[in-house]
Amino acid sequence: KISHCYLEWISRVRVNTQAVLKRAQQIQGLKTPKKQWQAAWLLKAVTCIDLTTLAGDDTPSNVHRLCLKATQPVRQDLLKKMDMHDKGITTAAVCVYPSRVADAVMTLKAVNSSLPVASVATGFPAGQTPLETRLQEVRMAVADGAMEIDIVINRKLALTGYWEAMYDEIRQFRKACGDAHMKTILAVGELGTFTNVYKASMVAMMAGSDFIKTSTGKEAVNATYPVAIVMVRAIRDYYLRTGHKVGFKPAGGIRTAQESLVWLNLIKEELGNDWLCPHLFRLGASSLLADIERQLYHHVTGQYAAYHELPMA
């Protein structure tokens, strides 16, 4: 059970909105690296991507293609020119719906890749299904070979302030995950206030989340820098109180190489270099990789690629 003193503390938390917005602006104003340093940062971003497809028309064939792209995210000749061809650069994971997990696991096994498969679960994206159904979804995804589970919180509990009930639910998801890593999606666009985002972050971490994640990518508002500041400050506070490092994953609407550099900057500034690795930082994205590859192509050749020159993500 969550202890009474922690509940007391959570109920008293208030977030200073103006300070958050000001800090987010400062982060966006920071210089990002150029030339070969930019190329290095972009390759770092690639290794932190959860390459994702979460569409109603997902089929075994496009999941197959996604997995192959994840194992070889940047064209081999470009990596050779940067002397990075033998560094084993892959994305951090592939992320799919529960019913596509088996397809992804099979493809990765066939190409001898140890890349983890992440599955969304618990009634993604709305979380509005009965608890037993949500738990069963987690168990089935794990049974099919998912090594990471992206769960969604029950927003009703957060919006009505039932933090203890939310904690209990996430504990049950944690148990259902077994050895799989658990990433908890807060759906920040639906939580209303920065204070709620902070509280939900804290409760999710107390309940055993390995990562906290901004969004499903299906809400009207997804990963924004101010919300990220609130979440990473919660991660920092949790670390200072417990000595336990929890990861952070922004997701939804992250499409350009330039944005990925801002995200890396934000993590470096707010949490430090320890968090700049796939173990503690992920970018949830589908179209981002294509733009990063275009920028790397430009870095190597001095010109921009036509779209047909780079393999589809």
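K213 lies in strand 6, which covers residues 211–213, and this lysine is a convenient place to enter the structure, which is a predicted model. At 3% relative accessibility, K213 counts as buried, because that term applies to anything under 20%. Setting aside neighbours within four places in sequence, K213 is in contact with D150, T184, I185, L186, M231, K249 and A251. With one of these residues, D150, the contact is also polar, since the side chains of K213 and D150 approach to 2.9 Å.

A second lysine, K249, belongs to strand 7, made of residues 247–249. K249 is likewise buried, with a relative accessibility of 0%. Beyond the residues up to four places away in sequence, K249 touches D50, D150, K183, F211, I212, K213, T214, R282 and G284. The side chain of K249 makes a polar contact with that of D150, at 3.0 Å, and the side chain of D150 is also the polar partner of K213.

These two lysines are also brought together by a record: the UniProt annotation "active site", which comes from an unreviewed entry, covers K213 and K249. Although the annotated residues span 37 residues in sequence, no two of their C-alpha atoms are more than 4.5 Å apart, and therefore they gather at one spot. Both K213 and K249 are included in the lining of the largest pocket.

From the lysines we can turn to the aromatic rings, of which a search of the whole structure finds five pairs. In one of them, Y6 and W9, the ring centres are 6.4 Å apart and the planes stand at 65°, so the pair is edge-to-face. Both residues sit in helix 1 (residues 4–12), and because they are three residues apart there, about one helical turn separates them. Their surroundings can be described by accessibility: Y6 is partly exposed, with a relative accessible area of 30%, whereas W9 is buried, with a relative accessible area of 17%.

Another edge-to-face pair is formed by Y239 and W275, with 5.7 Å from centre to centre and 80° between the planes. Here Y239 lies in helix 11 (residues 225–242), while W275 lies in the loop between helix 12 (257–270) and strand 8 (283–285), so the pair ties together parts that are 36 residues apart in sequence. Y239 counts as partly exposed at 30% relative accessibility, and W275 counts as buried at 4%. Ring pairs also link Y225, F248 and W263 into a cluster.

Both tryptophans of the edge-to-face pairs described above have a further partner, this time a charged one. R241 lies over the face of W9, at 3.8 Å from the ring centre, and K245 lies over the face of W275, at 5.6 Å from the ring centre.

The last stop is N154, found in the loop between strand 4 (148–152) and helix 8 (155–159). N154 is buried, with a relative accessible area of 10%, and, when neighbours within four places in sequence are left aside, N154 is in contact with R134 and E169. The C-alpha atoms of N154 and A200 are separated by 10 Å, and these two residues are 46 residues apart along the chain.

Key. Residues numbered from 1 in each chain as written. Predicted model: local features only at pLDDT ≥ 70, side-chain atom pairs only at ≥ 80, totals over all residues. Heavy atoms only, no water. Phe/Tyr/Trp six-rings, centres within 6.5 Å; stacked < 30°, edge-to-face > 60°. Helix = DSSP H or I, 4+ residues; strand = E, 2+ residues; numbered from the N terminus. Buried < 20%, exposed > 50% of the residue type's maximum accessible area, 1.4 Å probe, protein only. Lys NZ or Arg CZ within 6 Å of the ring centre and 35° of its normal. UniProt positions renumbered as here; feature names shortened; annotations may be inferred. 1 Å grid on protein atoms, 1.4 Å probe; cavity = no way out; pocket = protein on both sides within 12 Å on 5 of 7 lines; lining within 4 Å. Contact = heavy atoms within 4.5 Å. Polar contact = N/O pair within 3.5 Å; in protein donor to acceptor, adjacent residues only side chain to side chain.
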